[in-house]
Structures are given as structure tokens and as C-alpha cells.
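Work through the exercises below with the sequence and the model open. Try each task before reading its solution.

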Amino acid sequence: VFKAGTPDFAVAYRERLTPARALLPDHGTVGYISDSNDEGEFYLTQYLVVPLVLEKGQRPDLVLVNNHVAKATLAEDGVYRVSRLPDGSAVYDFGNGIKLIDRRHKP
Amino acid sequence: MIVIGPAVLFPIILGFVVVHLLIPREKPLIVALLSVGVGYGIFSWMVFFWLLVAGEASRGILLAEAAAIIAGAILSNRRRGLGRVPAPREVPPPWRIISLETALIIGFIAVAGLAAARYIVATRMAPYGSFDAWESYNMKARFILLSGKDWKQLFTTLPDPVPDYPLFLPLSVAGVLMSIGNDSLAVPAAIAVLFICATVGLLLATLGESRSRSQAALAGMVLLGTPFFVHLSFAQYADIPLAFFFLATMALLILHAWRGPVKTSAGDPRKWGVPPDQAGRRLLITAGLTAGLSAWVKNEGFVFFLVVCITYFGFSWQALGRQDAVRRARKFVLGGAGPIILALAFKLKFAGTNALVQTQGRAGMMHKLLMPHRYLEVLEGFRYHLYHLASWPESILLLLAVYCVILGVRIEKRERPALLTCAATVLIMLCVYFLVLVGSPYDTPPFDVSWYILVTAPRLFMQLWPCFLLVFFLTVQTPDQIMNRLKSRSSPAV
């Protein structure tokens with residue numbers, strides 16, 4: 001069932017998501033977009049962000065982006081890099097394929 | 001862990017009080033084993049009503065639980081004055097071959113030790129369990145705990161791949177989390193341990209009671225030696241709790257056959273040697289209760305309850321006549337009515353639509369059921385997965401068949417209606433599972449019916465596996481009986 005040295009899928013995914021989880025609020029709805037149609041990852045994300053409600057798509061002000069092809073690039077502070085989209089939304093890049101788009105405080 | 005331990009055990013104490021009220025003179029071990037399922041069944045409903053009344057998760061559930069335990073204990077204490085239920089007929093102790101029995105018990109302990117080690121390693125490596133655990137059961141439990149007054153979003157906006165599933169496991173986990181006041185991965189893992197231990201314990205206790213310790217140890221070895229059965233437990237799936245309720249129902253029917261009145265060997269075969277006693281009736285009510293509670297664990301429980309009702313009524317009628325059959329069925333239905341009504345009310349008021357039906361509609365399902373090639377595909381899938389059942393290195397069913405041929409079959413007359421009910425229920429449940437797979441919406445690779453069989457059939461078989469082993473080891477002669485016969489043949493005639 002478990003290959004030696006291979007971390008469990010849920011444990012490994014939790015490690016990826018933990019930095020982003022720290023920036024999420026306690027309640028509300030968060031969008032979710034991914035380059036994979038893996039339903040398992042979607043539901044695991046929902047499990048890990050409870051009590052937030054996850055919604056597929058970009059409708060909510062906060063959107064989690066799950067990118068599997070992005071190369072791992074650690075941020076300077078080891079946590080995340082912040083950039084701005086043309087519409088003023090903040091993008092937090094955690095350097096592990098997970099990004100958080102925050103449209104709550106557009107200038 | 002100091003806080004989690006009592007919080008996990010409280011529902012079992014509640015269950016013990018209730019089961020003891022129902023079957024006060026039953027052996028404490030059997031009462032304790034049944035308490036795990038009955039306790040968590042009642043506790044999960046208490047949690048649900050608490051949420052509806054209080055509006056959010058809170059530690060107040062502990063007070064409600066304590067009040068229920070105290071009330072049950074007072075009631076139980078008052079009933080102590082009631083007449084004793086007649087003791088079961090004394091069965092002469094079989095000639096015991098200590099060495100064989102001891103060897104089998106040591107074998108069982110070794111297998112149990114290996115299963116426990118596997119459980120601990122797997123839970124340390126994968127503390128979240130497997131797919132269904134975090135996508136449904138534990139996710140819902142966490143949501144109930146952490147969402148406060150928004151917990152009803154569980155039925156509206158929270159993504160849920162199985163919106164029609166009953167809430168036994170989520171509410172059981174949530175209830176214990178509410179009791180300790182915070183989230184913990186240890187709680188679902190502990191509940192999973194309780195249910196696998198109770199299932200194995202109940203199989204051992206029933207066979208030990210009605211056959212011999214050797215037979216019980218053999219059955220326990222097969223059950224705990226089944227790799228996929230143990231896997232489903234540390235995966236934290238609801239299939240093991242469901243298997244517990246199925247087994248508990250059958251074990252109670254078998255115990256009823258043993259504890260109930262005895263037929264006279266001579267005279268009218270439809271007349272009882274002694275009038276039906278209280279113990280028998282109460283065992284049937286408890287059997288109905290466990291069957292009814294299975295419908296609160298997974299949808300398969302509804303089918304199970306219905307099938308047991310019909311088969312038990314039918315086989316009782318055949319063996320005892322209509323009047324006794326009606327009396328027995330009535331007690332069984334009485335025990336199950338409460339949980340079945342509650343589970344149906346939940347379905348109507350809160351649960352979403354079944355995913356299999358929602359995807360294709362009823363017409364789509366009917367269309368699939370009229371496609372002959374799907375029957376062949378599912379038949380081939382069943383054949384493959386039954387042969388390679390539960391990841392055993394060799395076909396365990398084939399091994400059991402050979403074992404059965406070598407040792408021979410022996411059925412106690414008094415057990416016949418209950419045993420036939422159990423055997424027929426397992427067969428009918430398999431047929432129902434077969435039809436569900438045929439009518440499933442999956443028809444396009446890679447998610448076609450073969451894929452669905454691959455991910456579903458092994459789990460469905462494990463739900464019935466303890467029941468099958470109970471029926472099998474009740475039917476096959478015990479090693480003690482064989483050794484006794486060999487000994488009597490080899491000893492010189494006096």
C-alpha cells in the first residue's frame with residue numbers, strides 16, 4: 001500500500017498547501033482552479049481548508065491556484081512572493097505550484 | 001490522548017447502558033461488543049439533534065451524553081428486580097483438545113498482532129486515512145466542528161461527492177471532536193480501531209458461544225488475516241462499521257436461536273418445548289435495532305434491513321409456522337423501526353440526490369439495466385474479484401471450500417431458520433450489489449464499468465465478509481468435533 005520513502009498523498013499535499021492556508025480567512029468561500037481535473041485534490045483541498053467552503057472557478061475574491069507544471073522556486077523569505085495583476089489583484093506565489101489570488105483589496 | 005480516550009469511550013458506555021437494558025442477562029462481553037455500534041449509533045443521532053437544537057457544535061454534547069447515560073443507568077437499576085431470563089440449555093462441553101485449541105488461539109493472537117502492527121504503521125504514514133475518509137466522512141466531521149452556526153452548509157454549499165450518504169460516521173467523529181473541543185486526527189483513527197476490534201470480537205464471541213473456541217480462533221484468523229479488510233479500517237472508511245452492524249444483526253439472530261426456546265424432539269414439531277421467553281424476544285428487538293442502524297451508516301443498510309426482514313420471516317414460517325414467523329418478524333421490525341424512520345426522515349429532509357441516479361437519471365439507470373453486455377462485464381468482474389478476494393495471496397474462497405469438503409458440514413436444527421436467513425441475506429445482498437454495478441452510470445473509458453467494479457466491488461465484498469465467515473464457520477464442523485470423532489474411532493471398544 002505504501003512504498004518505502006513515498007509520503008502519503010494527503011500528507012504531501014498538506015505540506016504544499018500549509019503556507020497558503022495560513023493566509024486564508026477563518027470563514028467564507030474560496031475559489032479553486034487547477035491545471036488538473038483531479039477530483040481527489042479538489043476534495044482534499046476542501047478537507048484542509050475547512051471551515052472555508054471551496055468553489056470551483058474564480059468567482060470568489062480569494063482563489064487558490066493549483067499548478068502542477070510550475071517549477072519549484074522558493075521565495076526570498078522562504079514563504080511567498082507577492083506580485084500584482086493588471087487589475088490590481090495581489091498574487092501570492094508559494095513557490096510550490098500553489099498560488100493565492102486576492103481580489104479583496106484592489107487599489 | 002488523555003482527553004480523547006474518555007471522549008471516545010463515552011458513546012460505548014451509553015451503548016452498554018442501552019444494550020444492557022435491552023438484553024440484561026446477556027453475557028457482558030457480547031453486550032460490550034454490541035455497545036460499540038449501538039452506542040455510536042445513538043450518539044450520532046444525539047449529536048445531530050444537538051446541532052439542530054443548539055445551532056452549532058459545542059462541548060454541551062457531553063452534558064447531554066452524561067444525562068443519557070445516567071438516565072439509562074437508573075432505568076437499568078430499577079429493572080434489576082425483574083425475573084431472570086431462563087438460562088440457555090446446558091450444552092455438554094465438547095471434548096477439548098487443549099493443544100489444538102491453544103495452538104489456534106496462539107495463531108489468532110499472532111495474526112491479530114500483525115494486523116495491529118500494520119494498522120499502526122499505516123496510520124502513522126497516512127494519518128488522514130484514504131480517499132473517502134477525507135473527501136467525505138472526516139471532511140464533514142471537521143466542518144461540523146469548525147463552521148459554527150454555518151454547519152447546515154453541509155447540505156447546501158459544501159462540495160460533497162456523496163450528498164445522499166447518511167451521517168453516522170461524520171457525526172460520530174464530530175461528536176467526539178465536540179466533546180474534546182478541538183480537531184484531532186486521532187479521533188477517526190480511534191473510532192476505526194474500535195469498529196474493527198468490535199467486529200472481530202463479535203465474530204469470535206458468537207462462534208465461541210455457539211461452536212467452540214477453536215472454531216472462533218480460526219474465523220478470527222481468516223478475518224484479521226484478510227489484508228483488504230484491515231486496509232479498509234485504517235483507511236477510515238464506513239465499510240467496516242457497516243460490516244459490524246451486518247454481523248451484529250446476524251450474530252443476534254444466531255444467539256436468539258441458541259438462547260430461545262427449544263423444540264421438543266418428539267410430538268408436534270410446530271410446538272415449543274417451553275413457551276417463548278423474554279430473552280429471545282429481546283434479542284430479536286436488538287437484532288432489528290442493529291439492522292436498522294446499518295441504514296444510518298450507508299445506503300446499503302436499507303436494503304440489508306429489508307432483506308433480513310423478508311428472509312427471516314420466510315425461513316421462520318417454513319420452520320415454525322406462520323404464527324411464530326409473524327411474532328419473530330414483528331419483534332425484529334419493532335427494533336429497527338426507530339432508526340429506519342430516522343434515517344428515512346434524514347433522507348427526505350436533508351440528504352441530497354444519490355450520485356449514481358443524479359448523473360444519469362432513473363431512465364438512464366433502467367437503460368443500463370437492459371444492456372446484456374454490462375451483465376457479462378459485471379459477472380466477469382465479480383468472478384475476478386471473488387477469486388482474488390481481499391488481496392489474499394491465494395484464493396481464500398477456494399481454500400475455504402477445500403477446508404469445508406475436508407471437515408464436512410453440520411447444521412444444528414434449532415439454528416436452521418437463522419442460519420438460512422444469514423446465508424440467503426448474504427446472497428441477496430451480493431445480487432443487489434451486482435445490479436447496482438450493472439446500472440451504474442460509468443460507460444466511457446477510463447471511467448467505465450470495469451473501473452467502477454475495480455474501485456467498488458472489493459469494498460462491497462468486505463461489508464459482507466464477516467457475515468460470510470460467520471455463516472461458513474457455523475456450517476462447517478469444528479476441529480474439535482473432527483478430533484473427537486477420530487479419537488472415538490481409534491479408542492478400543494469397551
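**Exercise 1: A salt bridge in chain A**

Glu15(A) counts as partly exposed because its relative accessibility is 47%; buried means under 20% relative accessible area, exposed over 50%, and partly exposed in between, with a 1.4 Å probe and protein chains only. This is a predicted model, in which local features need pLDDT of at least 70, side-chain atom pairs count only at pLDDT 80 or more, and totals for chains, interfaces and linings use all residues. Residues are numbered from 1 along each chain as its sequence is written, chains are lettered from A and ligands numbered from 1 in the order in which they are written, and side-chain values use heavy atoms, with hydrogens and water left out.

Task: find which residue forms a salt bridge with Glu15(A).

Solution.
- Step 1. Apply the rule: a side-chain nitrogen of Lys or Arg lies within 4 Å of a carboxyl oxygen of Asp or Glu.
- Step 2. The partner is Arg14(A), and the closest N and O atoms are 2.7 Å apart.
- Step 3. Arg14(A) is partly exposed, at 26% relative accessibility.

**Exercise 2: Salt bridges in chain B**

Task: state how many salt bridges the structure holds over all chains, then describe the pairs of Asp239(B) with Arg459(B) and of Asp443(B) with Lys368(B).

Solution.
- Step 1. The count over all chains is 18.
- Step 2. Between Asp239(B) and Arg459(B) the closest N and O atoms are 3.2 Å apart.
- Step 3. This pair links distant parts of the chain, since Asp239(B) is in helix H10 and Arg459(B) in helix H18 (residues 449-475) of chain B, 220 residues apart. Helices here are DSSP runs of H or I with at least four residues, strands are runs of E with at least two, and both are numbered from the N terminus.
- Step 4. Asp239(B) and Arg459(B) are both buried.
- Step 5. For Asp443(B) and Lys368(B), the closest N and O atoms are 3.6 Å apart.
- Step 6. This second pair also links distant parts of the chain: Asp443(B) lies in the loop between H17 and H18, Lys368(B) in helix H14 (residues 355-369) of chain B, and 75 residues separate them.
- Step 7. Asp443(B) is partly exposed at 46% relative accessible area, while Lys368(B) is buried at 8%.
- Step 8. Through shared partners, salt bridges join Asp132(B), Asp239(B), Lys298(B), Glu300(B) and Arg459(B) into one network.

**Exercise 3: Cysteines**

Task: determine how many disulfides there are over all chains, and why Cys309(B) has no such bond.

Solution.
- Step 1. A disulfide is a pair of cysteine sulfur atoms within 2.5 Å.
- Step 2. By this rule the count is zero over all chains.
- Step 3. Cys309(B) is not bonded because the closest cysteine sulfur, in Cys422(B), is 13 Å from its own, too far for a bond.
- Step 4. Cys422(B) is in no disulfide either, the nearest cysteine sulfur being that of Cys467(B), 7.3 Å away.
- Step 5. Cys309(B) is buried at 16% relative accessibility, and Cys422(B) is buried at 1% relative accessible area.

**Exercise 4: Two helices that meet**

Task: describe how H7 (residues 186-210) and H9 (residues 227-234) of chain B meet.

Solution.
- Step 1. Their axes come within 8 Å and cross at roughly 145 degrees; axes are lines fitted to C-alpha atoms, for helices over the stretch in contact, and angles run from 0 to 180 degrees between N-to-C directions.
- Step 2. From H7(B), Ala192(B), Ile196(B) and Thr199(B) meet Phe229(B), Val230(B) and Ser233(B) of H9(B), where contact means heavy atoms within 4.5 Å.

**Exercise 5: Buried positions in chain B**

Task: is Val38(B) buried or exposed, and which residues does Glu415(B) contact beyond its neighbours within four places in sequence?

Solution.
- Step 1. Val38(B), in helix H2 (residues 28-54) of chain B, is buried at 0% relative accessibility.
- Step 2. Glu415(B) lies in the loop between helix H16 (396-407) and helix H17 (416-438) of chain B.
- Step 3. Beyond those neighbours, Glu415(B) contacts Ser210(B), Arg211(B), Ile254(B), Ala257(B), Trp258(B) and Leu474(B).
- Step 4. Glu415(B) is buried, at 0% relative accessibility.
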